[in-house]
There are 6 protein chains.
Amino acid sequence: MRPSGRKTDQMRTISIETGITRHAEGSCLIRVGDTHVICTASVDERVPPFLRNSGLGWVTAEYGMLPRATTSRTRREAAAGKQGGRTVEIQRLIGRSLRAGVDRVALGERQITIDCDVIQADGGTRCAAITGGWVALKLAVNQLMRAGLVTTDPLVDPVSAVSCGIYAGQPVLDLDYPEDSEAGVDGNFVMTGDRLIEVQMSAEGATFAREQMDALLDLATAGTAELAAAQRAAVA
Amino acid sequence: MRPSGRKTDQMRTISIETGITRHAEGSCLIRVGDTHVICTASVDERVPPFLRNSGLGWVTAEYGMLPRATTSRTRREAAAGKQGGRTVEIQRLIGRSLRAGVDRVALGERQITIDCDVIQADGGTRCAAITGGWVALKLAVNQLMRAGLVTTDPLVDPVSAVSCGIYAGQPVLDLDYPEDSEAGVDGNFVMTGDRLIEVQMSAEGATFAREQMDALLDLATAGTAELAAAQRAAVA
Amino acid sequence: MRPSGRKTDQMRTISIETGITRHAEGSCLIRVGDTHVICTASVDERVPPFLRNSGLGWVTAEYGMLPRATTSRTRREAAAGKQGGRTVEIQRLIGRSLRAGVDRVALGERQITIDCDVIQADGGTRCAAITGGWVALKLAVNQLMRAGLVTTDPLVDPVSAVSCGIYAGQPVLDLDYPEDSEAGVDGNFVMTGDRLIEVQMSAEGATFAREQMDALLDLATAGTAELAAAQRAAVA
Amino acid sequence: MRPSGRKTDQMRTISIETGITRHAEGSCLIRVGDTHVICTASVDERVPPFLRNSGLGWVTAEYGMLPRATTSRTRREAAAGKQGGRTVEIQRLIGRSLRAGVDRVALGERQITIDCDVIQADGGTRCAAITGGWVALKLAVNQLMRAGLVTTDPLVDPVSAVSCGIYAGQPVLDLDYPEDSEAGVDGNFVMTGDRLIEVQMSAEGATFAREQMDALLDLATAGTAELAAAQRAAVA
Amino acid sequence: MRPSGRKTDQMRTISIETGITRHAEGSCLIRVGDTHVICTASVDERVPPFLRNSGLGWVTAEYGMLPRATTSRTRREAAAGKQGGRTVEIQRLIGRSLRAGVDRVALGERQITIDCDVIQADGGTRCAAITGGWVALKLAVNQLMRAGLVTTDPLVDPVSAVSCGIYAGQPVLDLDYPEDSEAGVDGNFVMTGDRLIEVQMSAEGATFAREQMDALLDLATAGTAELAAAQRAAVA
Amino acid sequence: MRPSGRKTDQMRTISIETGITRHAEGSCLIRVGDTHVICTASVDERVPPFLRNSGLGWVTAEYGMLPRATTSRTRREAAAGKQGGRTVEIQRLIGRSLRAGVDRVALGERQITIDCDVIQADGGTRCAAITGGWVALKLAVNQLMRAGLVTTDPLVDPVSAVSCGIYAGQPVLDLDYPEDSEAGVDGNFVMTGDRLIEVQMSAEGATFAREQMDALLDLATAGTAELAAAQRAAVA
């Protein structure tokens with residue numbers, strides 16, 4: 001039933017390649033099927049003004065797409081002179097999601113910026129960015145711990161994210177672009193262990209029933225567990 | 001337990017005053033407790049380029065706050081030279097939510113713009129904007145029907161929205177500002193009849209369990225039903 | 001002769017409702033006929049850099065219109081990404097006018113920002129904004145005096161403003177929108193007591209004689225006196 | 001009494017050099033004392049959209065200052081990324097003033113843009129810009145008439161402008177910068193023949209009496225007459 | 001003498017991997033030592049307005065850097081709200097350089113946009129972008145030729161670019177970042193076959209002699225020949 | 001062969017008028033044929049942040065054109081809301097070129113900003129701006145030396161610039177606009193004494209041979225020597 005031939009509860013192939021750029025404190029190239037995202041973590045010993053002398057750390061994120069990550073070329077946001085509403089929404093989501101899984105006291109008063117740049121898009125880029133972003137963050141934290149700058153690991157369970165939706169009337173896991181562009185109802189689920197961090201279900205020109213919501217939550221719980229295993233393997 | 005003394009499942013007082021401005025095709029001032037929002041609907045016989053000659057209508061929304069709607073003065077976005085990320089997120093949500101409740105074929109090839117301007121804020125402004133925005137939209141549609149420009153009512157059940165969250169460890173309905181600023185987990189629920197349109201649960205520095213998610217959905221179902229009754233009364 | 005049936009020297013009905021928003025130190029909704037403006041005063045104990053350690057206070061103003069305050073919808077300035085030339089001119093005028101009636105030594109080193117937001121427009125919005133802005137300012141100053149932060153009242157006579165113009169060849173007082181859009185010559189007069197603060201006579205594709213100027217000054221003197229009485233009543 | 005030693009009713013030396021740039025259809029360098037402004041007129045056979053097929057012409061203006069036209073360097077507006085409020089006010093004034101002296105039917109459906117760029121500033125730049133702008137406009141119109149594109153002269157009396165104010169308690173004509181920066185009350189007067197086009201009296205932290213207004217109008221009437229003579233000589 | 005141990009006339013290792021993204025008509029990842037750039041070519045059947053109905057094609061380019069392509073994180077241009085002067089200079093150079101090697105009649109009335117995004121920077125990013133950009137362009141042109149849309153190959157010799165400079169008093173080829181940041185005199189040379197397209201020699205706080213200019217031209221001629229061989233191999 | 005009748009190695013008439021504005025520390029109006037540029041130098045005792053407490057001075061430049069400096073009117077950059085890519089390239093070139101001729105230790109920790117505003121354009125505006133900019137800079141430095149603020153002259157040989165290109169197949173010196181718009185290959189050469197500072201050869205849709213490059217360098221060497229003589233005369 002799915003264009004890719006996957007089962008309704010089947011994730012795409014996941015691959016996470018770490019250490020892909022020489023300058024960043026942490027980095028990876030995450031591939032979820034044909035969605036490819038470069039994630040880097042940059043450590044800055046200064047925090048934003050509202051946190052000075054608080055002893056608390058901060059994690060923030062920025063998101064971008066190369067112009068030809070998409071089927072047809074998308075205008076470069078730097079040339080357009082601003083980040084679009086979709087970009088701003090996504091990078092706020094990534095930052096909020098990763099912060100939910102961080103012990104900010106243990107991190108100490110420093111900021112880590114996660115940059116997520118989509119090299120090739122095939123649906124689910126924000127979820128891949130969160131999942132890959134956590135890996136880059138963990139690698140940067142590991143470096144801080146090796147350097148003795150952080151003593152207690154501020155990260156416990158991986159934070160991972162997956163999109164689900166109602167496609168052709170059925171709840172399906174990990175939408176690719178052909179599914180995403182057809183689904184009237186879809187959403188993003190961010191989890192850590194068996195706890196929820198963010199649920200964003202959205203309908204465009206449609207509505208959905210409570211039981212469908214429940215089915216999607218079940219799919220997402222399984223999918224994020226699979227992603228978390230890949231994250232743990234990548235940072236081991 | 002709640003600062004306002006309300007019960008956990010108790011909405012604030014709702015009031016919807018219609019016809020509050022002379023120029024708009026539909027308008028209301030919605031008050032949900034101390035949150036006050038002016039909503040207007042403006043009909044434009046032209047649609048955006050991507051819909052020309054499609055026979056389909058469009059509903060879109062814009063959102064703003066007067067600078068002193070808030071406890072301390074907030075910088076005017078027009079003076080800052082752009083709409084902030086929060087504003088963009090909110091107005092996209094309002095537009096998407098209202099469109100989910102519209103039969104765009106019945107509306108015909110025209111656009112209705114809903115402007116939601118917060119006069120006084122005390123939490124839940126985006127939910128009040130959706131709820132009041134639907135009333136303004138319905139009044140404008142009624143005028144189109146009286147003029148014979150629309151023959152089948154494109155709106156059936158009201159679209160209404162409420163925020164819920166975990167406050168002091170307990171799921172509560174219709175957060176006001178003192179609750180909202182304390183809650184680590186909260187969200188917005190948009191419903192029409194017993195169907196869901198949008199669920200946005202979000203945690204800042206926290207996580208939540210599946211059962212809490214279920215409890216919040218129960219509260220939201222009851223709250224939006226109460227709002228729908230007020231909407232029906234207002235447009236009767 | 002006038003579309004509204006008013007006499008040439010007749011003002012529209014004036015109403016000033018105070019205390020209309022909970023957060024602002026001073027606020028009112030002024031109605032001059034069908035022109036309705038919300039004015040709020042926000043006190044900030046810091047002054048702009050050029051006044052630091054001068055002992056002098058500052059009053060500034062910002063102006064906006066809800067998109068559907070006008071007959072057809074006007075583009076939201078925050079969405080357009082900047083305040084238009086007309087807005088900038090108006091808010092500079094409001095600030096300058098109010099400052100002319102303030103003893104800045106008595107006010108002390110603090111800033112009061114007057115926000116004037118037009119809810120419904122029918123001509124003369126800048127004049128209503130000045131008149132209502134003074135009321136909001138006075139209420140905020142009264143609060144500062146009750147709190148003992150200001151000991152000598154920095155405001156004496158109300159500052160009020162009215163537009164006049166040559167309509168159908170005759171000098172008329174307090175132009176409404178149908179008159180304003182026809183008048184080739186019109187202007188705004190700001191006064192306090194019997195003194196002038198600002199005179200802005202402007203002709204679009206027309207010119208005017210010195211005697212007409214004199215007649216308009218006479219009308220404005222009477223009109224602002226009537227407004228001042230309403231202002232005094234509102235703040236009493 | 002005046003820093004320059006001038007009498008209260010004495011203009012600065014006026015010089016208008018025409019044809020100062022090779023490309024423009026009309027141009028001049030106007031010097032009013034130490035205020036020097038380059039004015040050019042550019043003819044465009046297209047009009048703005050709102051005038052298409054109306055048969056009416058349009059005159060508009062833009063204003064700028066070289067960064068070091070002022071005592072200390074002023075930031076370049078192109079580098080700042082926008083025109084300041086003062087610039088926008090001034091160029092709207094110039095355009096409106098010049099249009100008041102144009103027969104737009106006789107001009108025919110074309111647009112003339114007047115660019116006024118201040119090379120050296122010593123007070124009264126907007127008045128010099130209007131006065132010089134009219135000369136550039138007239139020269140461009142003459143060229144159109146010689147080419148047979150315009151048959152009836154759309155310009156009759158020169159449009160000229162002068163600033164006046166209350167300096168050291170006395171009404172004075174044609175303020176230079178040392179006077180302008182001291183005067184609490186000053187204004188700009190635009191006239192054509194014995195008719196008024198624009199009166200902009202403004203007080204910063206001060207007020208003025210009706211008789212002072214009258215005295216300034218008298219001074220301005222004499223000053224603009226002197227400017228008109230210089231304009232006529234320049235275009236002869 | 002060189003930090004990398006290279007000889008003065010020795011290029012870094014060059015690698016060009018093609019077909020690295022699924023959506024673009026042509027793409028490659030070029031690595032010149034530790035400088036890595038993703039280049040994509042996007043074909044658009046429409047040309048810019050100034051070329052409509054001219055029968056001529058157009059090639060243009062855009063350039064960007066991922067924020068953490070650099071040693072310390074660089075602010076994202078989309079977030080800053082504009083492309084910096086350096087970016088604009090570079091992308092104009094890339095477009096101009098590639099156009100010099102294109103027969104625009106043979107290309108036909110269509111536009112090809114080359115996007116060059118630096119993944120990792122170690123000096124010479126604009127030269128790598130030109131060299132890799134030509135490869136992406138050639139691959140896109142090959143696709144057009146296979147589809148029969150272009151019949152005569154509009155590209156003959158590869159266009160390639162290299163930087164040279166005076167380092168520690170000696171002319172050296174293909175500067176890496178440690179050399180580039182020390183060299184007071186350096187430049188970029190774009191060539192095709194034995195012909196020059198662009199020479200940009202620049203000194204910061206220094207000057208150079210005519211003989212040094214000649215030595216650098218010799219080095220660049222050899223270096224671009226080596227790059228051209230790698231380009232030919234990549235597109236074979 | 002040249003439209004102006006000049007010989008291939010003949011410069012246009014050069015004139016440099018100094019002290020043309022009262023406020024600037026140094027100023028001139030340079031005319032190279034029909035290209036006229038006003039150059040001013042503004043001394044600021046503060047340096048940019050990256051130079052604080054370094055003991056080093058800084059020279060920077062800004063460039064602009066009056067809208068009607070060109071054959072047809074060019075849009076004002078301040079109105080467009082940003083400086084175009086061409087402007088940014090040019091002002092970076094001017095600043096870099098002038099700095100190459102300055103002993104920044106001798107200048108001391110202060111900044112001089114050179115503003116170059118084109119009053120009339122006929123090709124070669126950036127070269128005229130560099131040449132005239134050096135004169136303004138020198139005059140400002142002379143004033144600093146007379147005031148005892150600078151003791152060793154930080155300027156030795158003049159910095160001057162000229163454009164050359166291949167016109168009608170032949171290398172020619174000092175392109176005017178009709179030549180510049182025809183030449184497929186042209187460039188700018190900045191020199192001081194017999195040393196090079198900047199070489200920017202560029203081809204649009206063309207290429208050039210090494211011998212042509214050599215011929216252009218010969219022409220530029222002679223041309224800049226002639227300009228240097230005029231600069232020395234102007235500041236004597």
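**Chain contacts and two views of helix α4**

Reader: How many salt bridges are there between chain E and chain A?
Author: The count between these two chains is 15 salt bridges, a salt bridge being a side-chain nitrogen of Lys or Arg within 4 Å of a carboxyl oxygen of Asp or Glu. This is a predicted model, in which local features need pLDDT of at least 70, side-chain atom pairs count only at pLDDT 80 or more, and totals for chains, interfaces and linings use all residues; side-chain values use heavy atoms, with hydrogens and water left out. Residues are numbered from 1 along each chain as its sequence is written, while chains are lettered from A and ligands numbered from 1 in the order in which they are written.

Reader: Which side chain meets that of E:R22 in a salt bridge?
Author: E:R22 pairs with A:D122, at 4.0 Å from N to O.

Reader: And how many residue pairs are in polar contact across the interface of chain E and chain A?
Author: The rule finds 26 such pairs, both residues being at pLDDT 80 or more. A polar contact is a pair of N or O atoms within 3.5 Å; within protein, one must be able to donate a hydrogen and the other to accept it, and residues adjacent in sequence count only if both atoms are side-chain atoms.

Reader: Which elements give two or more residues to the side of chain E that touches chain A?
Author: They are β3 (35-44), β4 (58-65), α1 (77-80) and β5 (111-120) of chain E. Helices (H or I, at least four residues) and strands (E, at least two) are DSSP runs, numbered from the N terminus. The largest share on this side comes from β5(E), with six residues.

Reader: What is the make-up of that side by class?
Author: It has 14 nonpolar, 11 polar and 12 charged residues. Here Ala, Val, Leu, Ile, Met, Phe, Trp, Tyr, Cys and Pro count as nonpolar, Asp, Glu, Lys and Arg as charged, and the others, Gly among them, as polar.

Reader: How much do chain E and chain A bury between them?
Author: About 2800 Å², with 45% of it on carbon and sulfur atoms. Buried area is the accessible area (1.4 Å probe) that two parts lose on being put together, summed over both. E:H23, E:R68 and E:R76 provide 26% of what chain E buries against chain A, more than any other three residues.

Reader: Turning to chain D and chain C, how many salt bridges are counted between them?
Author: Six. In one of these chain pairings, C:E204 bridges to D:R99, with the closest N and O atoms 2.9 Å apart. There are also 20 residue pairs in polar contact, both at pLDDT 80 or more.

Reader: Which element gives the most to the side of chain D that touches chain C?
Author: β9(D), with nine residues.

Reader: A new topic: is B:K138 buried or exposed?
Author: B:K138 counts as buried because its relative accessibility is 12%; buried means under 20% relative accessible area, exposed over 50%, and partly exposed in between (1.4 Å probe, protein chains only). B:K138 sits in helix α4 (residues 125-146) of chain B, and its side chain makes a polar contact with that of B:D153 at 2.5 Å.

Reader: How far apart are the end C-alpha atoms of helix α4 of chain A?
Author: They are 31 Å apart, which agrees with the 32 Å that its 22 residues should span at 1.5 Å a residue; the expected span is 1.5 Å times one less than the number of residues. Of the 22 residues of α4(A), 19 are buried, so this helix is largely enclosed by the rest of the structure.
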